Amino acid sequence: MSFVRMVARWSCFTAIATTLALPSVAADKKAAQKEPVAEIPSYYGSQPAKENLDLTMYARIREEGFKHSHVMEFADALTNGIGPRLTGSPNMKKANEWTRDTLTKIGLENAHLEDWGEFGMGWQQISTTAKMIAPDTAPLWMQAAPWSPSTNGSVTGEAVLMNVSELKDLDQYKGKLKGKIVLFGAIRTTPDLDKPLFTRYTDAELKELETAETRAGRDIVALLAQRRKVYEMRAAALKMMVEEGVVAIITPSRDGGAGGGTGIIFDDNGANLAMSAQKKENAITIPNGPMIVENYNRIARLLEHKVPVTLEVNIDTKFTGDHEHGFNTVAEIPGADPKLKDQVVMVGGHLDSWISGTGATDNAAGSVVAMEAVRILKALGVKPRRTIRIALWSGEEQGLYGSQGYVKQHFGTFAEPEHPDPPSTPSFMRSKGKLTTTKEWETLDAYYNLDNGTGKVRGVYTQENFAIAPIFAQWIAPLKDLGVTTITNRNTGGTDHLSFDAVGLPGFQYIQDDMDYETRTHHSNMDTFDRLHAADLQQAAVVEAIFLYNTSERDAMMPRKPFPHPELEKQKTEPIPGIYPNAMDPEVK
């Protein structure tokens with residue numbers, strides 16, 4: 001899941017004002033069938049009050065998914081066989097080609113790679129080592145930051161701790177950095193591990209998810225102002241370090257929540273020096289990388305006590321091009337109903353990852369679950385009424401580039417806003433102009449996404465699509481024994497379903513058990529095959545296959561939310577003259 005995940009969960013959407021009463025999946029099915037339910041209005045006409053579920057197909061999908069699963073074989077090949085998959089890298093190319101070829105072998109049709117546009121520099125890490133030479137000798141644990149240049153062999157230098165929070169703080173370092181290795185950032189506090197690193201949802205937590213979420217007190221304007229301040233300070237510090245001849249930069253690994261400071265390297269943009277470093281024009285020209293907090297803090301404390309420290313760093317990386325393109329892997333099970341085959345049900349997850357681990361829980365898990373879901377349907381000889389399409393995205397970690405590019409090419413584009421946001425505004429939070437849709441937009445039925453780690457599916461976020469909640473509730477009723485019990489009308493952010501939701505298409509992310517995703521594996525060197533749970537991934541693939549089958553077989557397309565009008569959103573927030581007078585009210589003198 002992308003670096004914007006935590007922010008996007010609470011900043012991308014407006015608060016939910018009301019909550020839809022959902023039928024309890026624990027209720028007796030016979031009693032639920034006797035209760036009359038009114039038809040629900042939909043974008044494409046009325047919806048049936050009762051879903052026509054093929055429980056025999058539920059049983060067949062379970063049988064294939066649990067007793068003949070290939071999901072861990074797919075995961076092994078992707079994580080151990082290919083490894084980390086930074087977009088634009090040789091490994092990302094291998095992953096695109098391997099998934100395309102594997103989907104063809106499974107029996108899907110039209111498996112191909114779709115170019116979504118230029119990404120930036122192609123890059124890979126060859127090796128990174130570091131050690132303390134004085135006043136003591138010690139091996140140090142660090143990795144190259146993505147898109148870091150090489151040191152061209154080992155470099156040795158005196159360490160300098162640079163801790164700045166304001167531009168004026170840079171003055172004290174002027175003229176003192178030539179030939180130095182800079183520790184850029186304050187000492188990180190390591191948490192006491194007084195809570196478990198590995199958790200599943202409790203019944204109470206799942207019940208709470210069904211309620212409307214309040215978002216009071218979260219100031220987006222203040223957040224963006226703080227981000228701009230950090231970017232400006234970092235840019236000024238980097239400019240000074242380049243001008244003065246710093247030979248290498250070390251940053252402390254970011255705090256990973258409860259697991260931060262436990263020998264983990266987090267290597268995403270949250271731990272590095274600048275966002276969008278993959279673009280040549282934004283490239284950092286000094287070799288740099290994150291170090292585990294425990295090693296970083298020891299050096300920093302020595303320097304705070306005026307003890308000279310000498311370090312040796314060797315960062316070996318390779319660039320493969322300045323203008324690499326990004327590709328999505330796409331394949332299909334063609335629809336068999338002459339009237340519905342042009343309508344499409346999509347499933348996917350992002351194939352790319354960061355580099356310090358092998359991208360297992362983020363997001364080989366979601367990719368191989370999607371592959372296994374379509375494999376199950378092909379193995380059962382399913383001939384869906386609608387076309388089922390799988391798409392595995394690249395560029396998700398840097399800003400949903402792959403899925404946004406696909407949506408733009410196939411479904412709709414936004415005009416430029418009348419008043420563009422500052423460049424430092426994250427792409428997912430930027431203003432948009434009027435949406436213009438394509439003919440394909442009318443044929444996309446739903447998109448299902450998995451990107452919250454290895455945990456089993458516990459339910460679905462509807463993204464405030466209130467009309468779809470009663471449909472999903474009926475679908476999951478036969479899955480209660482698998483732990484699938486919860487439908488929430490809340491939004492969840494940070495991954496590729498947002499690209500579909502933004503243009504008014506039904507896009508959904510599953511609720512998953514957290515496991516150790518937030519505490520250990522998310523964007524870290526701990527994100528390896530060993531952190532995957534086979535039983536959970538099998539369950540997720542079974543659930544996803546059932547959702548795909550049910551969507552493909554319905555007479556009606558899935559209900560949609562109101563058509564988005566982002567160009568009007570800012571107008572909604574302007575004061576109404578004469579009601580709440582303030583400085584923006586033209587009638588206030």
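Trainee: How much of the protein chain counts as buried?

Mentor: Of its 589 residues, 54% count as buried. Keep in mind that this is a predicted model. The chain holds 15 helices and 17 strands.

Trainee: What share of the contacts with a separation of 6 or more comes from residues 24 or more positions apart?

Mentor: They account for 85% of those contacts in the protein chain.

Trainee: Let's look at some helix pairs. Why is α4 called roughly antiparallel to α5?

Mentor: Start with the angle: the axes of helix α4 (residues 71-82) and helix α5 (residues 90-106) cross at roughly 155 degrees. The label is given to angles over 145, and that makes α4 roughly antiparallel to α5. The two axes come within 11 Å, and the crossing is right-handed.

Trainee: Which residues make that contact?

Mentor: On the α4 side you will find F74, A77, L78 and I82, and α5 brings N91, K94, A95, W98, T102 and I106. By class, the contact of α4 with α5 has 7 nonpolar, 2 polar and 1 charged residues.

Trainee: And what makes α5 and α9 roughly parallel or antiparallel to each other?

Mentor: Again, go to the angle. Their axes cross at roughly 15 degrees. An angle under 35 degrees counts as roughly parallel, and α5 and α9 are therefore roughly parallel to each other. Their axes come within 10 Å, and α5 passes α9 in a right-handed crossing. W98, T99, T102, L103 and I106 of α5 are in contact with M371, V374, R375 and K378 of α9. Those residues divide into 5 nonpolar, 2 polar and 2 charged. Have a look at W98, T102 and I106 of α5: they belong to the contact with α4 and also to the contact with α9.

Trainee: How do α3 and α14 pack?

Mentor: Helix α3 (residues 55-67) and α14 pack at an angle of about 145 degrees, and their axes are 9 Å apart. This crossing is right-handed. From α3, M57, Y58, I61, R62, G65 and F66 meet Q538, Q539, V542, A545, I546, Y549 and N550 in α14. The contact has 8 nonpolar, 4 polar and 1 charged residues.

Trainee: Now the interior. Which residues touch the most other members of the largest nonpolar core?

Mentor: Among its 66 residues, that place goes to I61, I390, Y448 and F472. You have already met I61, one of the α3 residues in the contact with α14. The largest share of the core, 11 residues, comes from helix α9 (residues 360-379). Another core lies apart from it and has 31 residues, including M132, M142, A248 and Y296.

Trainee: What is I390 in contact with, leaving aside its neighbours within four places in sequence?

Mentor: I390 is in contact with L103, L108, T329, V330, A331, V347, A370, M371 and V374. Two of these, M371 and V374, belong to the α9 side of the contact with α5, and L103 belongs to the α5 side.

Trainee: How do you know whether H497 is buried or exposed?

Mentor: Set its value against the cut-off: buried means under 20% relative accessible area, and H497, at 0%, is buried. H497 is found in helix α12 (residues 497-501). Not counting residues up to four places away in sequence, H497 touches Y447, N449, Q463, T492, G507, F508 and Q509.

Trainee: What makes the phi of E464 worth a mention?

Mentor: Phi of E464 is near 65 degrees, a positive value in a residue other than glycine. E464 sits in the loop between β15 (457-461) and α11 (469-476). Its relative accessibility is 17%; the cut-off is under 20%, so E464 counts as buried.

Trainee: And what is the phi of H523?

Mentor: H523 is not a glycine either, and has a positive phi of about 65 degrees. H523 lies in the loop between α13 (517-521) and α14 (534-553). With 4% relative accessibility against a cut-off of under 20%, H523 counts as buried too.

Trainee: Last one: which peptide bonds are cis?

Mentor: One of them runs from A134 to P135, with omega near 10 degrees, and P135 lies in the loop between β3 (109-134) and β4 (138-140). Another runs from D362 to N363, with omega near 0 degrees, and N363 is found in helix α9.

How values were computed: Residues numbered from 1 in each chain as written. Predicted model: local features only at pLDDT ≥ 70, side-chain atom pairs only at ≥ 80, totals over all residues. Heavy atoms only, no water. Axes fitted to C-alpha atoms, helices over the stretch in contact; angles between N-to-C directions. Helix = DSSP H or I, 4+ residues; strand = E, 2+ residues; numbered from the N terminus. Parallel < 35°, antiparallel > 145°, perpendicular 65-115°, else oblique. Left-handed = near helix turned anticlockwise from the far one by under 90°. Contact = heavy atoms within 4.5 Å. Nonpolar A, V, L, I, M, F, W, Y, C, P; charged D, E, K, R; others polar. Core = buried A, V, L, I, M, F, W, Y, C linked by side-chain atoms within 4.5 Å. Buried < 20%, exposed > 50% of the residue type's maximum accessible area, 1.4 Å probe, protein only.
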